[in-house]
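Work through the exercises below with the sequence and the structure side by side. Try each task before you read its solution.

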Amino acid sequence: VMSRPSSVSPFGVFDMAGNVFEPVRLEQGVAYRGGSFYLTRLVARSNNRDPGDSGARDPQVGLRVCASLPE
């Protein structure tokens with residue numbers, strides 16, 4: 001985590017590429033966004049979109065959970 005400071009986004013967010021495809025709801029249905037770490041750099045970009053199936057199960061599809069640690 002945060003091992004590549006040069007890849008920080010304009011919003012100050014680290015490590016957004018290379019986790020899993022994230023499902024996104026669109027007007028036309030569902031798409032998968034981003035890409036998983038074992039795919040090519042082009043596919044793992046956060047602006048990558050692929051058509052999806054809301055009922056499909058795939059180990060490359062998931063979601064990112066962010067939370068603050070309790071004090």
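## Surface and confidence

The accessible surface of the protein comes to about 6200 Å², and carbon and sulfur atoms hold 55% of it. The model is predicted.

**Exercise 1.** State how confident the predictor is, for the protein and for its strands.

Solution.
- Start with the whole protein. Its mean pLDDT is 76.
- Next, take the share of residues that reach 70 or more. This share is 80%.
- Now go to the strands. Confidence is lowest in β1, with a mean of 82. It is highest in β2, at 85.

**Exercise 2.** List the secondary structure elements and give their pattern along the sequence.

Solution.
- Count the elements. The protein has 0 helices and 3 strands.
- Read along the sequence. The pattern is β-β-β.

## Building the sheet

**Exercise 3.** Describe how β1 and β2 pair.

Solution.
- Locate the strands. β1 covers residues 22-26, and β2 covers residues 29-33.
- Find the sense of pairing. The two strands are antiparallel, with 5 bridges between them.
- Look at the connection. β1 and β2 make a hairpin with 2 residues between them.
- Check the residues that face each other. Leucine 26 is opposite glycine 29 in β2. Arginine 25 is opposite valine 30 in β2.
- Add a general point about side chains. In a regular strand they alternate between the two faces of the sheet.

**Exercise 4.** Add β3 and work out the strand order of the sheet.

Solution.
- Locate β3. This strand spans residues 49-51.
- Pair it. β3 is joined to β2 by 3 bridges, and the two run antiparallel.
- Pick a facing pair. Arginine 33 stands opposite arginine 49 in β3.
- Assemble the sheet. The 3 strands form an open sheet in the order β1-β2-β3, with antiparallel pairing.
- Name the edges. They are β1 and β3, and each pairs on one side only.
- Give the turn between strands. Neighbouring strands of this sheet are turned by 40 degrees against each other on average, direction ignored.

## Burial and contacts

**Exercise 5.** Is asparagine 48 buried or exposed, and which residues does it touch?

Solution.
- Place the residue. Asparagine 48 lies in the loop between β2 and β3.
- Apply the cut-off. Buried means under 20% relative accessible area.
- Compare. Asparagine 48 has 15% relative accessibility, so it counts as buried.
- List the contacts, leaving out residues up to four places away in sequence. Asparagine 48 touches Phe21, Tyr32, Arg33, Gly34, Leu42 and Val43.

**Exercise 6.** Repeat the analysis for valine 8.

Solution.
- Place the residue. Valine 8 sits in the segment before β1.
- Apply the cut-offs. Partly exposed lies between under 20% for buried and over 50% for exposed.
- Compare. Valine 8 has a relative accessible area of 34%, so it is partly exposed.
- List the contacts with the same exclusion. Valine 8 touches Val13 and Phe14, not counting residues up to four places away in sequence.

**Exercise 7.** Give the share of buried residues and of long-separation contacts in the protein.

Solution.
- Take burial. Of the 71 residues, 15% count as buried.
- Take contacts with a separation of 6 or more. Residues 24 or more positions apart account for 30% of them.

Methods
Residues numbered from 1 in each chain as written. Heavy atoms only, no water. Pairing = 2+ DSSP bridges. Helix = DSSP H or I, 4+ residues; strand = E, 2+ residues; numbered from the N terminus. pLDDT = per-residue confidence, 0-100. Buried < 20%, exposed > 50% of the residue type's maximum accessible area, 1.4 Å probe, protein only. Contact = heavy atoms within 4.5 Å. Areas by Shrake-Rupley, 256 points an atom, 1.4 Å probe, with all protein chains shown as cover. Axes fitted to C-alpha atoms, helices over the stretch in contact; angles between N-to-C directions.
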